[in-house]
Amino acid sequence: MSVEETGYPPFPAGETLLARTPDRARPDQGGAAEPLLEVTDLRVQFRRGGRRVNAVNGLSYRLPAGRMLAIIGESGSGKSVSVRALMGLLPETATITGSARFDGSELVGLPEPEMRGRRGADIAMVFQDPTRSLNPTMKIGLQITEAVRAHADMDRNAARDRAIELLQLVKLPVPERRLVEYPHQLSGGMRQRVMIAIALAAEPRLLIADEATTALDVTTQAQIMELLLELQERLGMAVLMISHDLGLAATYAEDVIVMYAGRAVEYAPAGTLFEHVRMPYTQALLGAIPRLDREPHAPMPSTPGQAPDLTALPAGCPFAPRCTSADEQCADEPPFAEHEPGHWWACWHPVRDGA
Ligand SMILES: Nc1ncnc2c1ncn2[C@@H]1O[C@H](COP(=O)(O)OP(=O)(O)OP(=O)(O)O)[C@@H](O)[C@H]1O
Ligand code: SF4
Ligand SMILES: [Mg+2]
């Protein structure tokens, strides 16, 4: 099936999926599996000072229930804007076009009251900085019970019991004591667990974690990712994780999208992507050794050259000014297409294995 027919990469084929690290390999849920989230040709443009910022430029992907998809890419590539667009969390200066279907119903253009009903209940989001998301003047217990009662008709005692359950679910020790504490009394890792508990309050089917572990030390980061993985498997949730951390994406996600200048430039099951990188941009992100034997949780290396100006994107491949393989053919935009089973990229001169 070609990109022209569908506009998005299909669910990766079973064989390439099994190339995933053995502990995360699981049977193919089938190309025919209905996606929980289906994003097609998503575009977001901001009006800023008389200019237009093209933040997301035709992003398409599918996320079936119960899977973890990582979106990676350097700062400004449109990762956060693309997920905020799904949640109706962009300012009025944003124009969103394209489609994002959640369980068959359209999110783009959904009026705010309906969107509010879906936020939390169907799709919940955890951000990088829990200190900004939690209310510093409110006890943890009240913040969780408010989230619980916003989605379920429960009295105070039942909501408190549910809050304790949620804190147990996110493995916060002595949950009863935490309920009467304020955010500043908790460590960064504990606060992030509280945020996840709040996000889980309405049992969402999709959890979006936008750099949710970036502010944490490496050990706590791994613990939170393990927790997300366990919750994903136990609750059958889909997880969309956004990260700068390639090691984290390789370790935990089943599928990875690499974004550049607001579009997907490479997409594959994680094992395939890291073992057989094809985009020069992804290779640059991975540094000299595009393999899984990179140091775990190594931060995203900076790539030489400037990220493109989103108010004046060049014609052709947007990576050309920074690409050592660029030639005259790159003045034409390379199509984003499935060149190998389950492996999509947009490049005229893909990297060869071992190069
Ligand atoms: N409200 C806004 N108005 C104008 N431009 C915006 C707005 N919000 C984001 N942008 C621009 O959209 C582009 C994509 O931003 P986005 O936050 O999605 O990047 P990102 O990939 O999440 O980066 P990071 O890794 O730094 O979080 C950036 O150039 C950013 O400046
Ligand atoms: S299309 Fe050309 S410029 Fe773009 S990444 Fe490939 S080789 Fe580089
Ligand atoms: Mg971001």
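This report describes the surroundings of two ligands and one sheet in a predicted model.

## Ligand 1

Ligand 1 has 16 residues around it, and those that come nearest are Phe46, Ala55, Ser75, Ser80 and Val81. Three elements each give two or more residues to this shell: strand S1 (35-48), strand S2 (51-64) and helix H3 (79-87). Helix H3 provides the largest share, with three residues.

By class, the shell around ligand 1 holds eight polar residues, six nonpolar ones and two charged ones.

## Ligand 2

The shell of ligand 2 consists of 13 residues. Four cysteines, Cys317, Cys323, Cys330 and Cys347, are listed among the closest, together with Ala326.

Of the residues around ligand 2, 11 are nonpolar and two are polar, while no charged residues are present. In this count, cysteine and alanine both belong to the nonpolar class.

## The sheet

In general, the strands of a sheet pair through backbone hydrogen bonds, in either a parallel or an antiparallel arrangement. Here, four strands make up an open sheet with antiparallel pairing, and their order is S2-S1-S4-S5. Strand S2 and strand S5 (105-106) lie at the edges, each pairing on one side only.

S1 and S2 run antiparallel and are joined by 11 bridges. One position in this part of the sheet can be given by residue: arginine 47 has arginine 52, in S2, as its bridge partner. The two strands also connect the sheet with the first ligand, as S1 and S2 are among the elements that give two or more residues to the shell around ligand 1.

How values were computed. Residues are numbered from 1 along each chain as its sequence is written. Chains are lettered from A and ligands numbered from 1 in the order in which they are written. This is a predicted model: local features need pLDDT of at least 70, side-chain atom pairs count only at pLDDT 80 or more; totals for chains, interfaces and linings use all residues. A residue is near a molecule or strand if its C-beta atom, placed from the backbone, lies within 6 Å of it. Two strands pair if DSSP finds at least two bridges between them.
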